[in-house]
Amino acid sequence: MKGLVIALLVLGCGDPPPAPEVCAPIEWSHPLSIERAREEHLHLERRRHLRMKAALSPGFVLDHVSQALDANPSCAEIGRLGRLLFEHDHTFADGLPRQFRRVQDDRGGPEATACRSCHWRGGPAGAGALVDNAFLHGDGDAIASAEARNPPPLLGLALVELLGREHGVEPFGWRGEFATLRGFIADSARGHFGIEMRPEHIEAIVMYLARLELPTTVLPVPPRDLETAAAPLPGPTAFEYDAQWAEGYQLFDEVGCSTCHTRSLVLKSATYVVAGRQLDLSSQLTWDPDQGGYPVFVYSDLQMHDLGRGAYLTRRLWGLNGSAPYLHDGSAPFLDHAIAAHGGEAAFARDRFEALTGDERGALRIFLMSLRRPWALAVP
Amino acid sequence: MLHAARLIPVVAALTVTSDAVWAPQLAVPSDAALIEQIDDALDFRLREDHDVMLDAWEPGELLNHASLTQGLLDADTYGLDALFVVGDELFEYAFRPEDGLGNGLHGPPPNMRRVHAGEFGGPDAYACSSCHFLGGPDGAGTQTQNAFFRSDGDSTLGADERNPPHLLGLGPVAALAQEMTRELQALRDHARATGETVALVSKGIDFGTITGDDDAGIVGVDPDLVIRPFGWKGHRATLFGIVEESFRIHLGIVSTGLQAAIRDGLAPDAFGDGPWHDVDRDGVSVEVDDAMLTTVVAYLAQLEVPIVRPPQTPDLQAAFAVGQARFDAVGCATCHVPALTLYDTVLEAGRDNPITIDVAHDGESPKPEPTDASNGIVRVRLFSDLKRHDMGPELATPAGQSNIPASHFLTRPLWGLADTAPYLHDGRAPTVHDAIIMHGGAASAARDAYRALPADEQGAIGVYLLSLTRAPAVHVP
């Protein structure tokens, strides 16, 4: 490769695009280990330190991150810097406009100062509560004038971007308006903070999000050795869910949920380019020779469907547990409400769900609640 | 066993290095402290997950678990530890229309509404935890969690905005208010009995004077001399009162106590046009009873208190010391009184059948620190005088709130401030500096003195205030 580059230069074909530096393989500490606890405490200290420095020198955080990014840091460090940006409360010195506007108009808000204002539930870069709904394309005042959008969890998005590219869809936004994560982040910062984010900062945030642990399927564990939390409350009963989970897994197909919430999509290449680096995302995936790629368990076909009250991109269900409330406007506090609100192309599946027995519905819910991000320690 | 491990982390040996680059040797708890934190966090998460799964299998199970009856409370069946556990679940629980969430007044329940309509409220949230999360459980809310009060149900610009404060240390705050009220009312009783002019001073805070029955000289508190420490303007005296109100306006969940008051003609009929037993017409009659509200109160009153956690690097430590001195010199500490002394740490909470909580001992650590006197007296470092002040026209709300004028606010306790940005009642100030220069009215002199400081000393006050924080601990979100 090096030889080829030199040869091209010698032949005078102009400057070839530099081959992206390859990131070291992603290595996570065990999410429930002392190492992770220590990392989380250090991250908090770092954030606290930068915030205090910013009290002495307004605008310090963003400049500090830019300088750190200039110093050719490792991909892991770029991700950590991205997380600091994700959690940074933007200030007037950072370019935050002086007037907040909870309901956006054509110019946007701003209604927030930090990404994590609305992405916090269920862990870092998680979902938002009902109160966190964004009100888009309104008149700057009335809730009724705007489109309400509930903040989704931001997990596995680099893979989603790659899937979108391979499958020819724009997978970001509830209506699928964006093809790339960086485009979506730039638009979000513009709309929600009124800030034109520096390109290197966007890359760092993408790196942070790309390196988050993927949601997965975790069977509920019966808490055998738990005593009562406090007498005289009864202790948790050791309830086995294995049979219910298996039944729910099947019902997910039989009811028709998996027609649109396709369990997996196949990804051919898991190489993601971010911050001028090449990041291998395959460490959490398994190559399937039969499918000729990595099945990614997103539980979505990434297609638009008419749901009766409008067309929406099939919501990815991975990480569902911990992302309540559900639906694009957060109008469903519980799974049953979300399912009941499915109409249009999904009406048949909704009707079948409602025709199930109570135990069958319970089994399906148990299965759905097993779609979650792995438990991980965090220092808020 | 409560979450006892949320103790102040044991600080590992410090290696201070140059501050040019952030030094990763900064304080991290010892392995022993970390293990305790992890055990605690995991234990809590396992139990929560167990309930979530039970509820997925059999909807309603979670709330059933989290409901204690008044009869059992009266019989003192449950100890404070149990109330803490159950109250925690209620705080986290996302209510549903089946539980009485919202109302059936404009179509099928719940009729959520991001902007409140008059005194009726929203409802705008499913759970308490929706708006109190920043910096950790029971934390503050960011700009996006602002509540939009007393508007027309739709217009954000016509609303009286409030940023959610953090909920740590509310037990000691309630106990301080209870004690100050007793002291002030005793002074009043003396004035009435003797006809004398009496200076109304409690814990060194000056609330004006009272002469006989003439209460015209009272300042910073209502004429009844009840210290109301809850709400940005200080409109609620008790935790029970603010919890009951929050359930109604934010979740649309009407208490049985309020139902009884409506039945007896004692409450305004602005809460709906239904019969007294389902005034909000959502088909759910018993939405939240006194026992459940008391449980939430018992939970909140047992939460940890924030701490002062100075920075770790030499330059910031120097700034911290300067900031601490300037905070006093500029006059911030006149109203943001760094510490109040609490003599009686036993708080009575609940409506008719109070439970008692020792706010210096019961529940989560850290707790207010004992004074030297070793007689149960504690120092509450809340940075407030629990008094109302006129903050001038710039900060004034669109209208008054009950009897409290538009420009009057309770001195916001500053403890735990580090994790509560944005600042001020409506979150208009992204930084501490912005918040300070937006002070007016009674704080104008202090603000001007702050503005006259060199920039590095202004920043030092910021460093000092950002060290008011909660003790860091790991969680499993």
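This is a short dialogue on reading a predicted model with chains A and B.

Colleague: How is the size of an interface often given?

Modeller: The size is often given as the accessible area lost when the parts come together. Here, about 7,400 Å² is buried between chain A and chain B. Carbon and sulfur atoms give 69% of that area. On the chain A side, Met52(A), Val131(A) and Trp375(A) supply 9% of the area buried against chain B, more than any other three residues.

Colleague: How many residues does the contact take from each chain?

Modeller: It takes 82 residues from chain A and 92 residues from chain B.

Colleague: How many salt bridges are there between chain A and chain B?

Modeller: The count is five. In one salt bridge, the side chains of Asp49(B) and Arg372(A) meet at 2.4 Å, N to O. Helix 2 of chain A gives 15 residues to the side that touches chain B, the largest share.

Colleague: Where do nonpolar side chains tend to be in soluble globular proteins?

Modeller: They tend to be buried together. In this model, the largest nonpolar core has 86 residues. Leu300(B) is among those with the most contacts inside that core. Its contacts beyond four places in sequence include Phe91(B), Leu239(B) and Val243(B). Another core, of 60 residues, lies apart from the largest one, and Phe100(A) is among its members.

Colleague: Is Asp94(A) buried or exposed?

Modeller: Asp94(A) is buried, yet it has no salt bridge. A salt bridge needs the atoms within 4 Å. The nearest side chain of opposite charge, Arg198(A), is 6.1 Å away.

Colleague: Which side chain makes a polar contact with the side chain of Asp94(A)?

Modeller: That of His88(A), at 2.7 Å.

Definitions and conventions:
Residues numbered from 1 in each chain as written. Chains lettered and ligands numbered in written order. Predicted model: local features only at pLDDT ≥ 70, side-chain atom pairs only at ≥ 80, totals over all residues. Heavy atoms only, no water. Buried < 20%, exposed > 50% of the residue type's maximum accessible area, 1.4 Å probe, protein only. Lys, Arg positive; Asp, Glu negative; His and termini not counted. Polar contact = N/O pair within 3.5 Å; in protein donor to acceptor, adjacent residues only side chain to side chain. Core = buried A, V, L, I, M, F, W, Y, C linked by side-chain atoms within 4.5 Å. Contact = heavy atoms within 4.5 Å. Buried area = accessible area lost by both parts, 1.4 Å probe. Helix = DSSP H or I, 4+ residues; strand = E, 2+ residues; numbered from the N terminus.
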